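Got a minute to go through some labels on this one? Let's ask what earns each of them.

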Amino acid sequence: MYARVVVSGSLDGPWKPMRLLVDTDASCTMLPRKALLALGVRPRYRQACRLGDGRKMRRDMGFVYVRYRKRVAATQVIFGEPGDASVLGVLTLEELALRLDPRSGRLREVRVLPMIPAVTA
């Protein structure tokens, strides 16, 4: 399933529309390096990542804002290299309070966020 989102390096923009593969097996969102740099997003650190086929890679990481309909969230992003897929990962979905409905294949709002109550001694 693909989702249309809008991405920016800051809340003030500029914003770039993107069509991303929703990948609930991917932790982080990955966007093309060229698009991120054009939005003014700069790498903050490098991180080891594991692909779905088990291969490991190191990629630059940064931070972006992602908007889906009326929801906006700041999220981590992997700087994708040529040949890498552009994906919307599960951390970004959670930050947007969205989930993938397995029956319909659509993104749905999470109406109640799961919380763990504090334990008192």
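**Labels and their cut-offs**

The side chains of Glu109 and Arg71 make a polar contact of 3.0 Å. This is a predicted model, where local features need pLDDT of at least 70, side-chain atom pairs count only at pLDDT 80 or more, and totals for chains, interfaces and linings use all residues. Residues are numbered from 1 along each chain as its sequence is written, and side-chain values use heavy atoms, with hydrogens and water left out.

Q: Why is Glu109 called partly exposed?
A: Buried means under 20% relative accessible area, exposed over 50%, and partly exposed in between (1.4 Å probe, protein chains only). Glu109 comes in at 44%, so partly exposed is the label.

Q: What makes the Arg59 and Asp84 side chains a polar contact?
A: The term asks for a pair of N or O atoms within 3.5 Å; within protein, one must be able to donate a hydrogen and the other to accept it, and residues adjacent in sequence count only if both atoms are side-chain atoms. Arg59 and Asp84 are joined at 3.0 Å, so the distance fits.

Q: Why is Arg59 called buried?
A: Its relative accessible area is 15%, which is under the 20% cut-off, so Arg59 is buried.

Q: Which residues does Arg59 contact beyond its neighbours within four places in sequence?
A: With contact meaning heavy atoms within 4.5 Å, they include Tyr45, Cys49, Ile78 and Asp84.

Q: Which residues does Glu109 contact on that basis, leaving aside neighbours within four places in sequence?
A: Arg71, Ala97 and Leu98.
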